[in-house]
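Hi,

As promised, here is the structure for you to open up. Have a look at it first, and then read on for my notes.

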Number of protein chains: 2
Amino acid sequence: MNEPTGVTQKRIRTPRKGPGRPAAGESLTPQEVTEAALRLILAEGEGALTMRRLGEVLGVRAMALYNHFPNKEAILDAVASLAFASMPVPPDKGHWRTRIKGLCFGIRGMALQQPNVFRVAMTRRVPPEKALPHIAAALSAFADAGLPPAAQAVAYQTVRLYVRAHCLWEIEELGVHRDGASAGFTHATTDLSKTAAAAKMVFAPDPDRQFEAGLDLILRGLQVSKER
Amino acid sequence: MNEPTGVTQKRIRTPRKGPGRPAAGESLTPQEVTEAALRLILAEGEGALTMRRLGEVLGVRAMALYNHFPNKEAILDAVASLAFASMPVPPDKGHWRTRIKGLCFGIRGMALQQPNVFRVAMTRRVPPEKALPHIAAALSAFADAGLPPAAQAVAYQTVRLYVRAHCLWEIEELGVHRDGASAGFTHATTDLSKTAAAAKMVFAPDPDRQFEAGLDLILRGLQVSKER
DNA sequence: CACCGTATATTTACGACGTAATGTTGATCC
DNA sequence: GGATCAACATTACGTCGTAAATATACGGTG
């Protein structure tokens, strides 16, 4: 039940013997703490992030962390910001449609590769300036699509919410559980078959196509409102 | 810090004196437990749902609950199912568009009236048969819109994810916090004004219009794919 | 009526959690 | 070279979910 996950979390520094100030240049920084927390979450899920555990990874007792962060919440916020900053932002070149889709697929890529980190990043509220590159890129694309500002805002928010929800749903349904282990597809096609063959599709395991299809659906609506 | 919330949680039955089997007809049922848990969450948020606290409300020690549920997770799952069952399902009459919108607005209504319960219901995975009425109603409407089964599935999933994400975002942004208290609108219009006037809209406090606009955007795309 | 198994509760206890409060050390500055 | 202070350790508190052991009353069976 509590077996090691295979991913070994290296201690960054060997634990110190007694109390007192550490040797010169051996002091902890918020960056180190944040990155260690991110690695811990990446490997074993948010549930594995414990003050004691994080301290252990950093070669320090739990309470030492409170010199750099006011509480655990703040550490998680920092992790979320860091994760957000690591998401790709494609350049402002090409058709607006491909730009938007590139943005969305980039986000989904991170969701699939680092589901635990993604979940933390999406669950917490992140300061808007961390997301500013993405916002700017999206709005620029929607502007190039010929949308007036108000419609840009609606489009951005709609796409953003859809992408977020789909990715969270996908990593949840794929059984990437909160605490590291991964399970098989649950394939919830119980006896919905009588409702419609379509119902099967709703829970069917083709997330790639579903993601793109939903995205295209939204962008199609955009196209229409542009043409009017 | 620990002040009463104004909403008093009544004890359903007075606590018993000693151990042993309760008098006839005084035994707990899973329904009672589930409903009490829902009331607790409704009034004070998921964070207030504690085995001890729930037991207290039911006039019982915490461990007594383990006779009816294997663990706390199961109780939360039951609450989620109960909440899901309480969501309105409009009848299959009228234009498909108004039916879909009615469905969505009904869900959002519950989200705004019972944000804490809604969050629990949306956060946990609920057995598909509990959502079957909604699924059936939505698919029926999309079928009436002339969509083939595959497109019905895409439309359903897209709308579902959007509605869920918007409602969660809204109750989060409106400051209905996880543990009962409500804060003001944070109005995160820091210095994004330089990006575009549209950026302001993204975070602007008009959730009603935003919700409907996003929904219309998606349904507009649907209309197009129907006409082809 | 006496008896007993079973369902339901209480009691006690364990380990893990976040963190408040306090103690201890080494580096740095006047 | 003593005082200051930053960064750690230590101890402790209250809370959590829940495992294990125990006690009681009801429903059958003799």
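DNA strand D has 27 residues around it, and the closest are A:Arg61, A:His68, B:Arg21, B:Arg52 and B:Lys72. A residue counts as near a molecule or strand when one of its heavy atoms lies within 4 Å of it. Before going further: this is a predicted model, so local features need pLDDT of at least 70 and side-chain atom pairs count only at pLDDT 80 or more, while totals for chains, interfaces and linings use all residues. Residues are numbered from 1 along each chain as its sequence is written, chains are lettered from A and ligands numbered from 1 in the order in which they are written, and side-chain values use heavy atoms, with hydrogens and water left out.

Back to strand D. Sugar or phosphate makes up 55% of its atoms within 4 Å of the protein, and bases make up the rest. Some polar contacts (pairs of N or O atoms within 3.5 Å; within protein, one must be able to donate a hydrogen and the other to accept it, and residues adjacent in sequence count only if both atoms are side-chain atoms) go to its phosphates. The side chain of A:His68 puts an N or O atom 2.6 Å from a phosphate oxygen of DNA strand D, and the side chain of B:Tyr66 does so at 2.8 Å. B:Met51 uses a backbone N or O atom instead, 3.1 Å from a phosphate oxygen of that strand.

Now for DNA strand C. It is surrounded by 28 residues, with A:Arg52, A:Tyr66, A:Lys72, B:Arg61 and B:His68 the closest. Of the strand C atoms that come within 4 Å of the protein, 57% are sugar and phosphate. Chain B makes several kinds of contact here:

- B:His68: a side-chain N or O atom is 2.6 Å from a phosphate oxygen of DNA strand C.
- B:Asn67: a side-chain N or O atom is 3.0 Å from a base nitrogen of DNA strand C.
- B:Arg16: a side-chain N or O atom is 3.4 Å from a sugar or linking oxygen of DNA strand C.

As for A:Arg52, you'll find that residue in helix H2 (residues 51-57) of chain A; helices are DSSP runs of H or I with at least four residues, strands are runs of E with at least two, and both are numbered from the N terminus. A:Arg52 has a relative accessible area of 67%, so this residue is exposed (exposed is over 50%, buried under 20%, partly exposed in between, with a 1.4 Å probe and protein chains only).

On to the salt bridges (a side-chain nitrogen of Lys or Arg within 4 Å of a carboxyl oxygen of Asp or Glu). There are 27 over all chains. One joins the side chains of B:Glu32 and B:Arg13 at 2.7 Å, N to O. This pair links distant parts of the chain, 19 residues apart: B:Glu32 sits in helix H1 (residues 30-44) of chain B and B:Arg13 in the segment before H1. B:Glu32 is partly exposed at 22%, while B:Arg13 is buried at 18%.

B:Asp144 and B:Arg99 also pair up, at 2.3 Å, N to O. B:Asp144 is in helix H6 (residues 132-144) and B:Arg99 in helix H4 (residues 96-113) of chain B, so the salt bridge ties together parts 45 residues apart in sequence. B:Asp144 is exposed at 52%, whereas B:Arg99 is buried at 8%.

Cheers
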